[in-house]
Amino acid sequence: MLIRSTWTLIVFDITVLPRSYHLELVKLLHNKLNIEVGLEKIPSTSFSTICGLYIPSQDFFTFQPEEFYQLSLCGLQEHTAKAISLLNLGESLEFLGAKFNIINREDKIASYEELYTNLVANEPEAIRRFDLQFTTPTAFAQGGSALPLPIPTLMFRSWLERWNNFAPVYLGGDELIAYLSNAVLLKHHKIQTRKWQLQKGYVNGFVGDVTLQIFNRADSLLANVADLLVQYAQFAGTGIKTRLGMGQTNLMKER
């Protein structure tokens, strides 16, 4: 089971939170889910923080009463997905002295078997262009540091690692990544870097729009596997520290 639950939030008054607020929020949500943060090598949840138009200052974010905000929480395996599906936040979300009122919730539910059957096993017509939006800072671990660039090989490796860890269908390893690296082109991007606060220091990540293109010469089956991993990214997120709010990934064009 896979789930992506998205809550729409508003504030009635101007609300100011520290830049590190997401660390307290993720702890609060995981406590409600009865899931301890940090025990898993590959996290079975991903988290978006509160997305929308806010005013950043040196150490704080200011949320405005006239804006709508969204918070997403995803479960990548049966236990966490079921816990998220049953999570009841009530009418408001309160932490660090702030109050966000909940006006809507939407759940996107799928399964690994369903995604694999529909996108690969049934051999649909191949999709060769993917328009992705990264709404929270995204980066990849490389040589002991964080690389804030949308490199296709690193993106697919990130998604494949999570898929192979949680899915009942193994897709492949380094050989598949090698095939994809020769078949996928970074066609377009409009990104900027943004700092992401951690408990100690911060990390740089990129946010913005990215278009990936599959070469026409690439095998249709390979293109369908790429499509499967791109679709999965909406649940799994991309890159490092997705459990702490980084790497939130949206697909711009629904099928």
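In this predicted model, the buried residues of helix H2 pack against several elements. These are strand S1 (2–10), helix H1, strand S3 (45–51), strand S6 (69–75) and strand S8 (98–110). Helix H2 spans residues 78–85, and Thr80, Ala81, Ala83 and Ile84 are its buried positions. Viewed down the axis of H2, the buried residues fall within an arc of 160°, so they line one face of the helix. A polar approach marks the start of H2. There, a side-chain oxygen of Gln77 comes to within 2.7 Å of the backbone nitrogen of His79.

Aromatic contacts were examined next. A pair of aromatic rings is described by the distance of the centres and the angle of the planes. The count comes to 13 aromatic pairs. One of them joins Tyr21 and Phe61. Their centres are 6.2 Å apart and their planes meet at 80°, an edge-to-face arrangement. Tyr21 belongs to helix H1 (residues 21–33), whereas Phe61 belongs to strand S5 (residues 60–63). The pair therefore ties together parts that are 40 residues apart in sequence. Both Tyr21 and Phe61 are buried.

Trp163 and Tyr232 form another aromatic pair. The ring centres lie 5.3 Å apart and the planes stand at 85°. Planes over 60 degrees apart count as edge-to-face, so the pair of Trp163 and Tyr232 is edge-to-face. This pair links distant parts of the chain. Trp163 sits in helix H4 (residues 152–166) and Tyr232 in helix H6 (residues 220–236), 69 residues apart. Trp163 has a relative accessible area of 0% and is therefore buried. Tyr232 is likewise buried, with a relative accessible area of 0%.

Tyr21 and Phe61 also belong to one aromatic cluster. Its other members are Tyr54, Phe63, Tyr69, Phe95 and Phe100. A charged side chain meets a ring at Phe215. Arg217 lies over the face of Phe215, at 4.4 Å from the ring centre.

Cysteines were considered last. The count comes to 0 disulfides. For Cys51, the nearest cysteine sulfur is that of Cys74, 11 Å away. For Cys74, in turn, the nearest is that of Cys51, also at 11 Å. A disulfide requires cysteine sulfur atoms within 2.5 Å. Cys51 is thus in no disulfide, and neither is Cys74. Cys74 has a relative accessible area of 0% and is buried.

Methods:
Residues are numbered from 1 along each chain as its sequence is written. This is a predicted model: local features need pLDDT of at least 70, side-chain atom pairs count only at pLDDT 80 or more; totals for chains, interfaces and linings use all residues. Side-chain values use heavy atoms; hydrogens and water are left out. Rings of Phe, Tyr and Trp (its six-membered ring) pair if their centres lie within 6.5 Å; planes under 30 degrees apart count as stacked, over 60 as edge-to-face and the rest as tilted. Helices (H or I, at least four residues) and strands (E, at least two) are DSSP runs, numbered from the N terminus. Buried means under 20% relative accessible area, exposed over 50%, partly exposed in between (1.4 Å probe, protein chains only). A charge sits over a ring if NZ of Lys or CZ of Arg is within 6 Å of the ring centre and within 35 degrees of the ring normal. The arc is that of the directions from the helix axis to the C-beta atoms. Contact means heavy atoms within 4.5 Å. A polar contact is a pair of N or O atoms within 3.5 Å; within protein, one must be able to donate a hydrogen and the other to accept it, and residues adjacent in sequence count only if both atoms are side-chain atoms.
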